[in-house]
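Visitor: Hi, could you walk me through how the pieces of this model touch one another?
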Amino acid sequence: MARKILCVAEKPAIARAVATHLSGGSFQTHAIRGNQYVKNYEFDFNFGGAWGTCSVTMTSVVGHLTGLDFDREYKGWMSCPPGALFEAPVQETVDKDKLPIADNIRNQAKYSKALFIWTDCDREGEHIGSEVRNQAKAGNAQIEVKRAKFSNTESAHVRRAALEPVNLDEYQASAVAARIELDLRIGAAFTRLQTLQLQTVVAALKEKVISYGSCQFPTLGFVVDRYLRVQNFKPETFWGIKVILSREGKKVNFLWKRVHLFDRAVVTMMLERCLLAKQAKVTKVNQKPTSKWRPLPLTTVDLQMMGSRFLRLDSQTIMKVAEALYTKGFISYPRTETDQFDKGIDLKKLVEKQYPDNSWGQYARELIDGKFRTPRSGRHNDKAHPPIHPVSWVSPNQLNANEKKVYEFVVRRFLACCSDDAKGQSTEIEIQYGDEFFHTNGLIVLERNYLDVYVYDKWESSQQLPNFERGELFEPTEANIFDGKTTPPNYLTEPELIGLMDANGIGTDATMAEHIAKIKEREYVAINQRGGGRSSVQEFIPTRLGVALVEGYDNVVEGLPNSVSLSKPFLRKEMELRMVEICSGTKTRQEVVQQSLDMYREVFIHTQRRINMLKTACRKYLVEETTS
Amino acid sequence: MTSPDQIAAQILSTKSLPVSQTWLNAFLSSSSTAQRNIPASALAKSAIFRLLASDIRESLSKHRSYVLPVDIHNPAVQERRLQGSIPVQVLDIEDIGTSLWSQIEAIERVERGEAIRGREIVRTIAIGEDPEASENNRANNNPANGAASASGNSGYGPHRLILQDAAGTMVMGIEMQRIDGIALEKLAIGAKLLLRNPSVARGMLLLSPESVTLLGGKIEALDKPWREGRKARLLEKTAGVERE
């Protein structure tokens, strides 16, 4: 039998990159019938170990091969009561447009002794790997199955992965299978229920599909929650005391320890007691070295948050660009929760690769010449991927505008991680004036260190403070009352929304950007531009439909003990936690699907029973719209 | 048999509360059936327990050495110091270091059940803060920072109290220094405080750990409606747009 190994990557570009590295650049390309993107690359490679030198066919899929759907008799919207979808039989079938790709894998498997899976090393990749495995086994029941463990497409890394095959992680594949089934059943049941019921209520919804997704709704919930907080906000006046001292030609402002209070008479009385005391006494003079810490190694969530803040790209664009940079071999895999570098990774070598750059090459050189520091370690490790870092240098003119921005950010962040903290000297002066305490702070930046390369952080020296002695008495130059007004929070921005999703356990780092894009696409939220020019910020504002849905679902569970609204993160958060349990092997896919369905079924029953709450909310927000 | 005077003396010496003769007699006669076999100290204890739940306008002496001066509110007086120990009861407590609106939001979080463990929602995220700060924030999935606000503990004050003496004179008290036990959740309406030589400035009593002793207690008939009506009162105050 031919000693042939069939390799299958998740995307055509990865297949090509891996083929290039393993073959040293000489391979034959064959088109496959029925799909213009997927190609088979053929070459020889010495895998060492049990396989030795083999001929290789490297091909790929295009994401998931199969989809899960209800049996035909349940597909029509009127075919069954929506609640039946919690139990209706489902089937996994190869997507129609993926049939040629599946055929190709089955055919190639026939002539191969082993299948070597090169899908991305994360949960989705593990599941796609299991789909590939099923096809290959259908073509050749005897085929041996292995998978490559890699986190970037840099040449040496890829070759090493080829020599050290591991097994497919069935737990992770099961977790994804569970999630797919839950998303299908819960999504379809609620989408049909709310669409059929709400279409009849308002003319504006007549032709509309009002989709439900267990991540989309809590995501929408955050946007609506903040919107309502802004709308309902009532400004209030506050008063405070400020003390000024002119000394050595400098004007020192002392800030009140109480900051401000919401009672003018009380503040006036307090100020009077300060003035009666005449002299203020210095109670504390603290001078100490201080530092501003260099950033932690970069995770996906951080890339999305920082990226949408500093690079003015939305999170979905950032992920697409990062994905492209990874596929081309410039940065490591951009989906990671890890914020600590493994001890085994040669960071200095990665820094050296940046020498040719015009902007930060010199900085990289200085690091290697003695300024290099081992990066800080965060608390997260997904045990699959390192933090996002550059794997090779690329000249800026080979990148498009967005790629340039994201690549620059990843590199600067990486170099910052390998630098020393910024160092400075801080001074804190506290005084007692009457019964009240005031303080002032000074900062002198002594060494900028990482700030020189990480242009996104700001840390600047303050005005220099005059000298103060502990215990000294002085008469302040001025002591006055100031007033101000409380201001509402701002509408939610994208980095904040990602932060909230992360903190509340909605979505995985890999899917957050999709959920945000979804609620925009569904017209549950719209984008508003705040400010102009460089300082402009994009904010999320819910549409009337968005507000109506959240209010409707909140009202559905109003007054029901232990029932939580679908607009809140808890149900989804619990589901995500159960996925993790599947991955660690403490729960089975079946258990998790049953438990999660039970949880959502309960809310579904409440929703059906109190559907009028939803209808009323839609009428309230959408009928007004048509008449106004 | 214990005399009322003995008991009154005991209450005065242990709690500095000058009990009213009429109230004490009523108390003793209501418990007369059992009183014979009860020692004076136990009887005094149960009287104190009742006192703390009573309205001091009915239960304490109105003698002028135990009450506030009637002109205490005079805003023209810059500062004066009162002499002796004066018992008062709390009629209202407000946090003047926190905006009304954020107090309302805190109440609503509790109403929505978000104070329950595992049902907290993280609502604000510090972005691009100092690494130390932002790390703390990251750790906040479950924990401390969010907990304080989620449980409805609004702020750290200072608090503004309305206090009433045995004669019914009311005065505003300002918590000038942090006093343990003075907090919205901890201090009941009707709780009794003992003022010791307190200062008064511009008609406001200045409260500090040295000038205030918390005796505790509660007037149930006042406390319950006060708590139930708190959100409505806050809302009403914010409706005026500006608070002055």
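Guide: Happy to; we can take the chain contact and then a domain contact.
Guide: This is a predicted model, where local features need pLDDT of at least 70, side-chain atom pairs count only at pLDDT 80 or more, and totals for chains, interfaces and linings use all residues. Residues are numbered from 1 along each chain as its sequence is written, chains are lettered from A and ligands numbered from 1 in the order in which they are written, and side-chain values use heavy atoms, leaving out hydrogens and water.

Visitor: How many residues does each of chain A and chain B bring to the contact?
Guide: Chain A brings 52 residues and chain B brings 42, with contact meaning heavy atoms within 4.5 Å.

Visitor: And what area do they bury?
Guide: About 4300 Å² between them, 54% of it on carbon and sulfur atoms. Buried area is the accessible area (1.4 Å probe) that two parts lose on being put together, summed over both.

Visitor: How many salt bridges are there between chain A and chain B?
Guide: The count is 4, each a side-chain nitrogen of Lys or Arg within 4 Å of a carboxyl oxygen of Asp or Glu. One salt bridge joins A:Arg273 to B:Glu79, with the closest N and O atoms 2.9 Å apart.

Visitor: Switching topic, what is the domain assignment of chain B?
Guide: Domain 1 (4-52), domain 2 (64-96 + 155-243) and domain 3 (100-141); such bounds come from an automatic or database assignment.

Visitor: What do domain 2 and domain 3 of chain B bury between them?
Guide: About 790 Å², with 68% of it on carbon and sulfur atoms. On the domain 2 side, B:Lys231, B:Leu234 and B:Thr238 lose the most area, together 59% of what that side buries. B:Lys231 also forms a salt bridge with B:Glu108, the closest N and O atoms being 3.4 Å apart.
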